[in-house]
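Let's take a walk through a protein model together. Keep the picture open while you read, and look up each spot as we get to it.

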Amino acid sequence: MLVASLYVYAFLSEFILIYPVYTLLFADTGMSVAQTSSLFVIWSLTGMVLEVPSGAWADTVSRRLLLCLGPLLAGLGFALWVLFPSYWAFAAGFVLWGAAEALGSGSYEALAYEELERRGQAGRYAGVMGRATSLGLAGAASAIGVAVPVFGAGGYPAVGVASVLACVLCAATALTLPEHRSRGDAGDRRYLAVLMEGVTLARADRGVLRAVLLVSFVTAIWGALEEYVPFLGTETGVPKAAIPLVVLLVWVGATAGGLLAGPAERMPVRAYALMLALAALAMAAGAMGGHPAGFVLIALAFGAFQLAGVLADVRLQERITGPARATVTSVAGLGTNVVTLGVYAAYGAASPYASHGVTFALLTLPYVLVALLTARSRVPAGQ
């Protein structure tokens with residue numbers, strides 16, 4: 001039941017039909033590009049502010065409860081968008097959505113790892129999380145495909161209702177997740193004590209700190225660059241009608257990378273570092289090639305980065321001790337958000353002076369540095 005519920009939850013959390021069309025809803029409501037950008041800032045800042053506090057809440061109350069509340073908050077936000085389309089309704093929806101993501105970040109990984117560990121199956125964590133992340137990508141891709149006919153038949157109300165329904169089903173799935181935690185693990189521990197314990201562990205334990213930084217950088221860079229794939233496709237001559245196929249190709253690459261996490265769990269550290277470096281080179285070559293065929297290399301790179309991210313999370317979970325697992329994992333989530341914003345800012349600053357291909361190549365350079373630093377570590381990537 002644990003693994004199946006984790007998989008269903010991962011799929012439903014991304015099977016949100018309003019995702020592909022909400023920017024159209026904003027435009028049709030009269031939102032300017034500047035207003036839409038401000039909404040994205042509200043969304044990001046909400047998640048960053050609540051990331052670590054929600055992790056501590058998960059450690060002191062119930063991870064399953066937070067995994068249930070998160071989708072309900074997101075669903076409420078999507079309902080506001082459709083029922084009361086206006087700037088302030090959109091802003092409120094993004095606050096709710098950002099809070100929902102913060103509630104799930106850390107809680108999901110902590111519950112999965114500790115429940116598998118309780119069963120003596122901690123070694124399955126890499127494979128389970130790899131497949132879960134792949135199912136999340138599959139859920140997002142499926143939502144795009146289903147949204148087209150649903151939107152055509154019923155417009156924004158139809159995709160809104162479908163999105164809320166998916167959130168409710170996701171919340172219901174969370175209730176089926178097992179959670180075996182004693183009062184000594186959670187209920188009788190003070191919130192601030194757990195919060196400080198998690199933050200201190202992430203800062204003072206060098207092994208945990210390195211793992212937190214590895215998760216943050218490996219996950220954030222390619223995740224941010226994925227948003228710019230359509231622009232790169234247009235620059236390389238891909239027809240606008242075929243841009244979704246390019247996006248699908250890179251998602252297939254990322255999905256395949258997640259599925260390889262189980263077999264690659266004990267990858268030696270030098271092999272892990274080499275994979276990062278080669279993926280960075282493949283990304284740069286594919287982006288600067290100026291030809292649509294370069295997206296094959298980009299898809300391979302995305303797959304390698306997805307695999308590296310899952311293995312980095314495995315490394316982090318295996319280093320966390322004590323009751324503040326969700327808090328420490330949320331610290332890594334906060335780091336990911338910070339690096340992501342940095343990539344967005346760097347991309348925006350470079351865009352007036354460099355092509356999309358050159359900008360992609362420049363922003364993959366940090367992976368080479370991460371690879372060099374990782375190669376110096378004596379600990380295998382998944383241990």
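Before we start, one bit of vocabulary: a residue is called buried if its relative accessible area is under 20%, exposed if it is over 50%, and partly exposed in between. Also bear in mind that this is a predicted model.

Now find tyrosine 22. Its relative accessible area is 10%, so by that cut-off tyrosine 22 is buried. Tryptophan 81 goes further: its relative accessibility is 0%, so tryptophan 81 counts as buried too.

What do these two have to do with each other? They are one example from the aromatic pairs, and a search of the whole structure turns up 30 of those. A pair of aromatic rings is described by two things, the distance of the centres and the angle of the planes. For tyrosine 22 and tryptophan 81, the ring centres are 5.5 Å apart and the planes sit at 50 degrees, so this pair is called tilted. The pair also ties together distant parts of the chain: tyrosine 22 belongs to helix 2 (residues 22-28) and tryptophan 81 to helix 4 (residues 63-83), with their positions 59 residues apart.

Next, compare that with phenylalanine 94 and tryptophan 97. This aromatic pair is stacked, with 5.7 Å from centre to centre and 15 degrees between the planes. Planes under 30 degrees apart count as stacked, which is the cut-off you need here. Both phenylalanine 94 and tryptophan 97 are buried. They are 3 residues apart in helix 5 (residues 87-104), so about one helical turn separates them.

Now put the two pairs into a wider picture. Tyr22, Trp81, Phe94 and Trp97 are among the members of one aromatic cluster, which also includes Tyr19, Phe26, Phe40, Trp43, Phe78 and Phe90. Try picking them out one by one in the structure.

Let's move on to how helices meet. Look at helix 1 (residues 2-14) and helix 7 (residues 125-174): their axes come within 4 Å and cross at roughly 40 degrees. Helix 1 and helix 7 are therefore described as oblique to each other. What kinds of residues make up the contact of helix 1 with helix 7? They divide into 18 nonpolar, 7 polar and 2 charged.

Next stop: the second largest pocket, which has a volume of about 380 Å³. Which residues lie nearest its centre? Of the 12 residues that line the second largest pocket, those are Arg210, Leu213, Val370, Leu373 and Thr374. Helix 9 (206-225) and helix 16 (365-375) are the elements that give two or more residues to this lining. Helix 16 provides the largest share of the lining, 5 residues. Sorted by class, the lining of the second largest pocket holds 7 nonpolar, 2 polar and 3 charged residues.

To finish, here are a few single residues to try out your new vocabulary on. Start in helix 14 (residues 325-350), where you'll find glycine 342. Its relative accessible area is 38%, so glycine 342 is partly exposed. Glycine 342 and isoleucine 221 are 121 residues apart in sequence, yet their C-alpha atoms are 9.0 Å apart in space. Threonine 340 is in helix 14 as well, but at 16% relative accessibility threonine 340 counts as buried. Measure it against phenylalanine 305: the two are 35 residues apart along the chain, with 14 Å between their C-alpha atoms.

Is leucine 65, over in helix 4, buried or partly exposed? At 35% relative accessibility, leucine 65 counts as partly exposed. Leucine 65 and leucine 177 are 112 residues apart in sequence and 9.9 Å apart in space, C-alpha to C-alpha.

And what about a loop? Serine 105 has its place between helix 5 and helix 6 (107-118), and at 18% relative accessibility serine 105 counts as buried. From serine 105 to glycine 75 you go 30 residues in sequence and 17 Å in space, C-alpha to C-alpha.

Technical notes
Residues numbered from 1 in each chain as written. Predicted model: local features only at pLDDT ≥ 70, side-chain atom pairs only at ≥ 80, totals over all residues. Heavy atoms only, no water. Axes fitted to C-alpha atoms, helices over the stretch in contact; angles between N-to-C directions. Parallel < 35°, antiparallel > 145°, perpendicular 65-115°, else oblique. Nonpolar A, V, L, I, M, F, W, Y, C, P; charged D, E, K, R; others polar. 1 Å grid on protein atoms, 1.4 Å probe; cavity = no way out; pocket = protein on both sides within 12 Å on 5 of 7 lines; lining within 4 Å. Points joined across faces, edges and corners; volume = space filled by probe spheres on them. Phe/Tyr/Trp six-rings, centres within 6.5 Å; stacked < 30°, edge-to-face > 60°. Buried < 20%, exposed > 50% of the residue type's maximum accessible area, 1.4 Å probe, protein only.
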